[in-house]
Amino acid sequence: MDGGGLRLNMNGLDYLILALYFVTVLGVGFAARRAIRTSVDFFLSGRSLPAWVTGLAFVSANLGALEIIGMAANGAQYGVMTVHYYWIGAVPAMVFLGIVMMPFYYGSKVRSVPEYLRLRFNRPTHLLNALSFAVAQVLIAGVNLYALALVMQALLGWPLWTAVVVGAAIVLAYITIGGLSGAIYNEVLQFFVILAGLIPVTVIGLVKVGGVNGLMDAVRDSKLGEAGLHAWQDTGSTANPLGAQWIGIVFGLGFVLSFGYWTTNFAEVQRALSAKNMSAARRTPIIAAYPKLFIPLVTIIPGLVALVTVKGLGAESGDLQYNNAIPLLMRDLLPNGVLGVAVTGLLASFMAGMAANVSGFNTVFTYDIWQAYLRPGRSDEYYLRIGRWATVAAVVVGIGTAFIAAGFSNIMNYIQALFSLFNAPLFATFIIGMFWKRMSALAGFWSLLLGTLASLATYLLYKGGVIDFNSDLEESFWGAGIAFVTVAVVAVIMTPLTAPKRDEELRGLVYGLGGVDLKGDVLAGDAVWYRSPLLLGVIAVVLAALFYIPVF
Amino acid sequence: MSNDGQPAQDPLIDETQAEQRRSAAARLFDIRRVIGGLFVAYGIVVTLIGIFDSRAEIDKAEGVRINLWAGLVMLTFGLFMLLWQWLRPAEPPPPNEQQPGA
């Protein structure tokens, strides 16, 4: 390794492939414009999309490049244990969302996740969640944008600010014009382009190390050793690459963290709300679970290949950080042609991440903040217009955040850590509110607020050195668990002391009160057995369990 | 789950739902056409690059003619998307309760 930088040797044909993609993405935005007449057309694609489209968009919205690059880095650093982030840390929660929670979300016709809180609890709970979600989305959009610019700078040699502005302008154009349909259609396209970019890296990487067996032998000789090839074997203690016990993996990652992220994050759930009927909405996250099962093949395997082929990988700074595992393999293994496709896939995934943040933000801002509290009672066209302006504002703030992030490199990590603190208490409030009809509106508000503060306090005490955990990961397990317990305790104490909501108000929002119609709007073709959400969901979970066998 | 009665009503949601009768969502195009088109184009470009790949490029990819293979796979995938759309066109959305003139 000569340490000659990450710059890729792109030629004209590679740039042609990249340009073709940008043109297509913009074209999709413009072509989606004619299908927008109402605010629901703009924010929720008119609730008209088929399940395979919303399902792939669901997985793609999460497949930001931070995720791809980060998971390949985890693969190189922690080895096969990284599969926990997929098989136990995502698939069960996605299936749960589809089977159990989606009937309440889709059936009640709420237009966003915060709106569910308004109907189930009260306006303060709603406002708290709407504001924290909106702020989180614009800041995270900026983080995504900055990461995009960093990669374009490192790989293509573009100046940072050019990359920020180009990336932002493209996302801005296709969402402002094409609305959620523009975002979702591009996410589906991005999903395939990302795969087309990652599969060649994986295949050639495997050829280079002598196939799967060669890779396993090489990993045994690497600094990870035998432990790098097992997901569960050493989890009786924390003496494993991830530094986590099985109980932390199952309850912390598999339950509290993953359910918090997947089931209440509106940037994800929005994709399901845009489905054309109840059956398609429920299948959305479940269809997404299937690609999720296989994505570790194209992230963790390249990570391991990089570990054993790139000498010195794992440096604290510079070109040999774990985060550069995939870019380094692209540089070393891909000839022009597939190189262009791979770069396009990487850039596509950055834009997918940012677009999901922006389209989630504009909806919550318009429906949950502007319409609910600031300017109620205007026409639908008015809110459609506000949505377009909110998109512009989100991208502009995102650019600002990107430049702040450029000045303080650690701020990206802090922003992401900060907002992940909101997930666990939010999920706890949702799940208790959905299954315990007596839970009162005031209890909802205080549970959410105190749960979030508990999570925040744990994080700050850890960062301040007051309490000690083995790793950041362990802190997040515990912080999430403490938040969950706080929410439950506050709910149980406050509910008997405060007035309940009437049953009629909770119909369709809470389990056991009726008002949820699973079959009403189903098309004839959706009744066939292989489109049953329950069956598809159970198969996905069983597959996730079976996949663990060879890497136990 | 039982189906006794309607979900709870909310004025903001009801307003938006009422407006949705004017929806233009039925005019949305089919994304399979775009995916198919882009991948056919990528397939052709990358396959051509693969046919004319030099020894150095093949050696870089560990002796695999990756451009040729990737190009052909992308081309096949693109054609499959187009064929799928042609054989199973999108189902027309269910008619709205009130179809406006426009």
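**Exercise 1.** How many of the residues of helix H7 (residues 113–120) of chain A are buried?

*Solution.* The model is a predicted one, and the first step is to recall that a residue counts as buried when its relative accessible area is under 20%. The second step is to list the residues of H7(A) that meet this cut-off, which are Val113(A), Pro114(A), Glu115(A), Tyr116(A), Leu117(A), Arg118(A), Leu119(A) and Arg120(A). This gives 8 of the 8 residues, so H7(A) is largely enclosed by the rest of the structure. As a last step, look at the N-terminal end of H7(A), which is capped by Ser112(A), with a side-chain oxygen lying 3.1 Å from the backbone nitrogen of Glu115(A).

**Exercise 2.** Describe how helix H6 (residues 91–107) of chain A packs with helix H18 (residues 423–435) of chain A.

*Solution.* Two packed helices are described by the angle between their axes and the distance between the axes. For H6(A) and H18(A), the angle is about 70 degrees and the axes are 12 Å apart. Because angles of 65 to 115 degrees count as roughly perpendicular, H6(A) is roughly perpendicular to H18(A). The next step is to find the residues that make the contact: H6(A) contributes Phe96(A), Val100(A), Met101(A), Phe104(A) and Tyr105(A), while H18(A) contributes Phe427(A), Phe430(A), Ile431(A), Met434(A) and Phe435(A). Sorted by class, the residues of this contact are 10 nonpolar, no polar and no charged.

**Exercise 3.** Carry out the corresponding analysis for helix H12 (residues 266–273) of chain A and H15(A).

*Solution.* The angle here is about 80 degrees, and the axes of H12(A) and H15(A) lie 9 Å apart, and therefore these two helices are roughly perpendicular to each other. On the side of H12(A), the residues that take part are Phe266(A), Ala267(A), Gln270(A) and Arg271(A), and they meet Ala355(A), Ala356(A), Ser359(A), Gly360(A), Thr363(A) and Val364(A) in H15(A). The classes in this contact are 5 nonpolar, 4 polar and 1 charged residues.

**Exercise 4.** Locate Tyr373(A) and work out its surroundings.

*Solution.* Begin with the helix: Tyr373(A) belongs to H15 (residues 338–374) of chain A. Its relative accessibility is 25%, so Tyr373(A) counts as partly exposed. Leaving aside its neighbours within four places in sequence, the residues in contact with Tyr373(A) include Arg123(A), His126(A) and Leu127(A). Two of these can be examined in detail, since the side chain of Tyr373(A) has a polar atom 2.9 Å from the backbone oxygen of Arg123(A), and the side chain of Tyr373(A) also makes a polar contact of 2.8 Å with the side chain of His126(A).

Key:
Residues are numbered from 1 along each chain as its sequence is written. Chains are lettered from A and ligands numbered from 1 in the order in which they are written. Side-chain values use heavy atoms; hydrogens and water are left out. Helices (H or I, at least four residues) and strands (E, at least two) are DSSP runs, numbered from the N terminus. Buried means under 20% relative accessible area, exposed over 50%, partly exposed in between (1.4 Å probe, protein chains only). Contact means heavy atoms within 4.5 Å. A polar contact is a pair of N or O atoms within 3.5 Å; within protein, one must be able to donate a hydrogen and the other to accept it, and residues adjacent in sequence count only if both atoms are side-chain atoms. Axes are lines fitted to C-alpha atoms, for helices over the stretch in contact, and angles run from 0 to 180 degrees between N-to-C directions. Angles under 35 degrees count as roughly parallel, over 145 as roughly antiparallel, 65 to 115 as roughly perpendicular and the rest as oblique. Ala, Val, Leu, Ile, Met, Phe, Trp, Tyr, Cys and Pro count as nonpolar, Asp, Glu, Lys and Arg as charged, and the others, Gly among them, as polar.
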